[in-house]
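Visitor: I am new to this structure and would love a close look at a single part of it. Could you pick a helix, start there, and then show me what surrounds it?

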Amino acid sequence: MTALSVRDLHAYYGQSHVLQGVDLAVAPGETVAILGRNGAGKTTTVGAIVGFVRPRAGRIEVAGRDLTGMPPHRVAKAGVALVPQGRRVFGDLTVRENLTLAARPGADWDLERVLALFPTLGRRLASFGDQLSGGEQQMLAIGRALMRGPTLLVLDEPSEGLAPKIVADVRDVLLRLRGTGLAILLVEQDLALATAVAQRVYVMNKGTIVFDGTPAALGTDREIQARYLGI
């Protein structure tokens, strides 16, 4: 059984056919990255998985359960946690409140475990979300998602707007999370981050998957890099 299975997924915005038969999968404990330029369909794919976008056709399964077209709260209850693009922490709540608001009874992750992963947050528990740096907000967004006790963690462009040093910190955190056996789907434009963390990589272009393979295979495929990643 896969942690995530997406088969022949089609989605539209109005009359625009954005996703055109997307197939992808994440195995239990696997970290998978989706790469592609702006407009490739990455965020729409995430939106369809977490329930923000209703697919026109195709099937989405999480741990064998059909979640196609389900609303976001049903998807979240099934074990999918999203770290959204732009972080979107609650600026008028403290770090502690941001984390405990998302807590799920019986979850594998509690406040103590999250703070062990992010010691900086432990020193900022009384600070409000809008008082944190961009890097601290990203850690808070990841910690908040973990408090849901997910079986699948989905991260949409976690490196966006962050300094290189903070991106390196995000990379280290994702590698540590990978070691916990959590299934992770990472949507990124930063090739170095994605290939350092992921065990398998998809490349998207115009709503289709144009590459599926290991980071090593992508690293030697100059045509894919040049045509679809602008490298």
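**A helix and its surroundings**

Guide: Let's begin with helix α1, residues 42-50: eight of its nine residues are buried, so this helix is largely enclosed by the rest of the structure. Please keep in mind that the model is predicted. The buried residues of α1 are Lys 42, Thr 44, Thr 45, Val 46, Gly 47, Ala 48, Ile 49 and Val 50. Here buried means under 20% relative accessible area. Right after the helix comes Gly 51, which takes a positive phi of about 100 degrees.

What does α1 lie against? To see that, look first at the open sheet of four strands, ordered β2-β1-β4-β5 with antiparallel pairing. The edges are held by β2 (16-26) and β5 (65-66); each has a single partner strand, so one side of each is left without a neighbour in the sheet. Further in, β1 (residues 4-13) and β4 (residues 57-62) run antiparallel and are joined by five bridges. One place to find this pairing is His 10, whose bridge partner in β4 is Ala 57. Helix α1 packs on this sheet, where it touches β1, β2 and β4, and its direction makes about 110 degrees with that of β1.

Some charged residues are also worth finding while you are here. Arg 7, Arg 59, Glu 61 and Asp 66 are linked in a network of salt bridges. The structure holds 10 salt bridges, and we can follow a few of them. Glu 30 pairs with Arg 200, with their closest N and O atoms 2.9 Å apart. Glu 30 sits in the loop between β2 and β3 (31-35), while Arg 200 belongs to strand β9 (residues 200-205), so this pair ties together parts that are 170 residues apart in sequence. Are these two partners buried or exposed? Glu 30 counts as buried because its relative accessibility is 14%, and Arg 200 counts as buried too, at 19%.

Arg 200 also forms a salt bridge with Asp 212, and here the closest N and O atoms are 3.3 Å apart. Asp 212 is in strand β10 (residues 208-213) and Arg 200 in strand β9, so this pair ties together parts that are 12 residues apart in sequence. Asp 212 has a relative accessible area of 46% and is therefore partly exposed.

From here, let's move on to strand β7, residues 152-156. Five of its five residues are buried, so β7 is largely enclosed by the rest of the structure. Leu 152, Val 154 and Asp 156 point one way from the strand, Leu 153 and Leu 155 point the other way, and all are buried. Strand β6 (residues 80-83) runs parallel to β7, and four bridges join them; Ala 81 stands opposite Leu 153 there. Strand β8 (residues 183-188) also pairs with β7 in the parallel sense, over five bridges, and Leu 153 stands opposite Ile 184 in β8. To get from β7 to β8, the chain crosses through helix α7 (residues 164-178), and this β-α-β crossover is right-handed.

Helix α7 has a salt bridge of its own: Asp 169 pairs with Lys 165, the closest N and O atoms being 3.0 Å apart. Both residues lie in α7, four residues apart, about one turn of the helix. An α-helix has 3.6 residues a turn, so residues three or four places apart point the same way. With a relative accessible area of 26%, Asp 169 is partly exposed, whereas Lys 165, at 56% relative accessibility, counts as exposed.

Leu 153 of β7 also leads us to the nonpolar interior. In the largest nonpolar core, which has 46 residues, Leu 146, Leu 153, Leu 177 and Val 203 touch the most other members. Helix α6 (residues 134-146) gives this core its largest share, six residues. Leaving aside residues up to four places away in sequence, Leu 146 touches Trp 109, Val 114, Leu 117, Leu 153, Leu 177 and Leu 182. There is also a second, separate core of 31 residues, which includes Val 6, Leu 67, Val 80 and Tyr 202. In soluble globular proteins, nonpolar side chains tend to be buried together.

Key
Residues numbered from 1 in each chain as written. Predicted model: local features only at pLDDT ≥ 70, side-chain atom pairs only at ≥ 80, totals over all residues. Heavy atoms only, no water. Buried < 20%, exposed > 50% of the residue type's maximum accessible area, 1.4 Å probe, protein only. Helix = DSSP H or I, 4+ residues; strand = E, 2+ residues; numbered from the N terminus. Core = buried A, V, L, I, M, F, W, Y, C linked by side-chain atoms within 4.5 Å. Contact = heavy atoms within 4.5 Å. Pairing = 2+ DSSP bridges. Axes fitted to C-alpha atoms, helices over the stretch in contact; angles between N-to-C directions. Right-handed = clockwise from strand over helix to strand, strands pointing away. Salt bridge = Lys/Arg side-chain N within 4 Å of Asp/Glu carboxyl O.
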